[in-house]
Every structure is written in C-alpha cells, then in structure tokens.
Amino acid sequence: MSEPVLSFLEEKNLPEVIKKKHTYLMMDGHDQEDIYVLKDGVVKVSIVLCDGREFNITYLKGLDIISLLKDEINKMTTTSFHARIESDTASFYRINRKFFEQYVKENEELHAYIESYYRKKMTEAIYRQQLMTMNGKNGAVCAFIYHLIPLFGRQVKKGIFIDLQITNDDIASFCGVSTRNSVNRILRGLREENVITIVYHKILILDVDYLKRYAQ
C-alpha cells in the first residue's frame, strides 16, 4: 500500500472492527457511510450470482481498501458483495466515507493511488478470466494454485507450502468450475503426477514449473 494511505491510517485515530474466521464483513448498500480497510488477516471476496451461486473474485491479505473494490464491482453489477474472513481473525479500519473522500481530493498522491488501485484490480480480473477461458478447467486450477504462491506460499524442504486451507468448493468458485467433484478429479490428477500433495488439508506444491506454464 502507498505511503499516503499508510500515513493517513497512522495519523488518524480510527476505530477498528475485528471479525472471526468464516464470519462476514457486512457492507450493505453502495452509499454506506463508512469505508473499510483490511488492516491484518485474510479475506475472500466474492459476489453472489443471480442463480444463487457464489463466484469468488480474489483473496486480500494485509492492508487493502476493501470498500474500493466493492464500489468498483457495484458499478458493473447489482449482485451482492461478500467479504468473508479466512484467517483466524481479521481486523479492519473503519473510516467515514465523506471524510476519506475529502482527504483524497486534497492529496494528489493518494488520489493517484486510488486510481491505480482500480486499474490494477480490473487488470487482475481480466487476466484471471483469460486464464479460465484459454486453459480449460485443469489449466485454470493450475494457474490458480500458482498465483497463491506470492500470497500464502512458504518455502519448505520439499517445495512451497500454501499456508491457507482452501476448500475444493472455493477452488471451483474461483476457477469457474461447475462442481467440487471436477476439482477433486483435477487435484487427484496433479497428485498422481507429483505436482502437488496435501499436507494438513493444505496444498504443498512439488513442481512449481508445471503450474507456472499455465499462468503465463
């Protein structure tokens, strides 16, 4: 996160909200009075489609302005926006929206950061859609696992350990795969080819290069 945002957060005496694992940060309505910034923890962002299915968009970790992502999504769709806590706990700064917007207007560097934030998130969304379209189900899952490395990867003796428990349902929702059974088959195939293994219900990547070719 940029220095202007960090300075803003550090200078102001902002109230904090703490949520436990698998609870939701409620942000109902586009014009809610407050903006939420993830201070610490892991959050899964998703939208609920018209048929009731959940489509996962991204994981956010550490400092990130969740409300900006919500506002950008609401410009394109009226579907419900969900932010579910995936770490044991997550803490958030709560900022009055009008106060924050006024601060942005007065600070050119912060204004530039906000604009670049929107561009970056949109580019990431288009890129993920390209991977799903061009690689098929197997390639989409491989690319998804590969892109977990910078967020949750930890180098261990046998490979890279993804230190977050991710369900097959979540993988399916991230990759546009219709059922968890399809994900089961794909992961089983990757285990049989010694690309990954499962340790304590988490993914251990054994062959990074295999996954990387689907992510380029």
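Colleague: In this predicted model, what makes S1, S7, S2 and S5 one open sheet, and what is the pairing?

Modeller: The four strands follow the order S1-S7-S2-S5, and the pairing is antiparallel. Two strands count as paired if at least two bridges are found between them. S1 and strand S7 (residues 89–96) have five bridges, in the antiparallel sense, so that pair meets the criterion of at least two. Within S7, Ser 91 stands opposite Ile 18.

Colleague: Why are strand S1 (16–20) and strand S5 (64–65) said to stand at the edges?

Modeller: Each has a single partner strand, so one side of S1 and one side of S5 is left without a neighbour in the sheet. Helix H3 (residues 97–106) packs on this sheet and touches strand S2 (34–40), S5 and S7. The direction of H3 makes about 75° with that of S7.

Colleague: How do you know that S9 and S11 are paired in the other sheet, with the order S8-S9-S11-S10?

Modeller: S9 and S11 share two bridges in the antiparallel sense. The criterion is at least two bridges, so the pair qualifies. Ile 160 has Ile 205 in S11 as its bridge partner. This sheet is open, has four strands and pairs in antiparallel fashion. Its edge strands, strand S8 (153–156) and strand S10 (196–199), each pair on one side only. From one strand to the next, the twist averages 30°.

Colleague: Why is H6 called roughly perpendicular to H7?

Modeller: The two helices pack at an angle of about 100°, with their axes 8 Å apart. Angles of 65 to 115 degrees count as roughly perpendicular, and therefore H6 is roughly perpendicular to H7.

Colleague: Which residues of H6 and H7 meet?

Modeller: Asn 168, Asp 169, Ile 171 and Ala 172 in H6 meet Arg 180, Val 183, Asn 184 and Leu 187 in H7. The residues of this contact comprise four nonpolar, two polar and two charged.

Colleague: What makes a group of residues a nonpolar core, and which residues have the most contacts inside the largest one?

Modeller: The members must be buried residues of the nonpolar set, joined through side-chain atoms within 4.5 Å. The largest such core has 33 residues, and Tyr 59, Ile 145 and Leu 190 have the most contacts inside it. Among the elements that each supply at least two of its residues are helix H4 (108–146), helix H7 (180–192) and strand S11 (202–205). H4 gives the largest share, seven residues. Leaving aside residues up to four places away in sequence, Ile 145 touches Leu 187, Leu 190, Ile 203, Ile 205 and Leu 211.

Methods
Residues are numbered from 1 along each chain as its sequence is written. This is a predicted model: local features need pLDDT of at least 70, side-chain atom pairs count only at pLDDT 80 or more; totals for chains, interfaces and linings use all residues. Side-chain values use heavy atoms; hydrogens and water are left out. Buried means under 20% relative accessible area, exposed over 50%, partly exposed in between (1.4 Å probe, protein chains only). Contact means heavy atoms within 4.5 Å. Axes are lines fitted to C-alpha atoms, for helices over the stretch in contact, and angles run from 0 to 180 degrees between N-to-C directions. Angles under 35 degrees count as roughly parallel, over 145 as roughly antiparallel, 65 to 115 as roughly perpendicular and the rest as oblique. Ala, Val, Leu, Ile, Met, Phe, Trp, Tyr, Cys and Pro count as nonpolar, Asp, Glu, Lys and Arg as charged, and the others, Gly among them, as polar.
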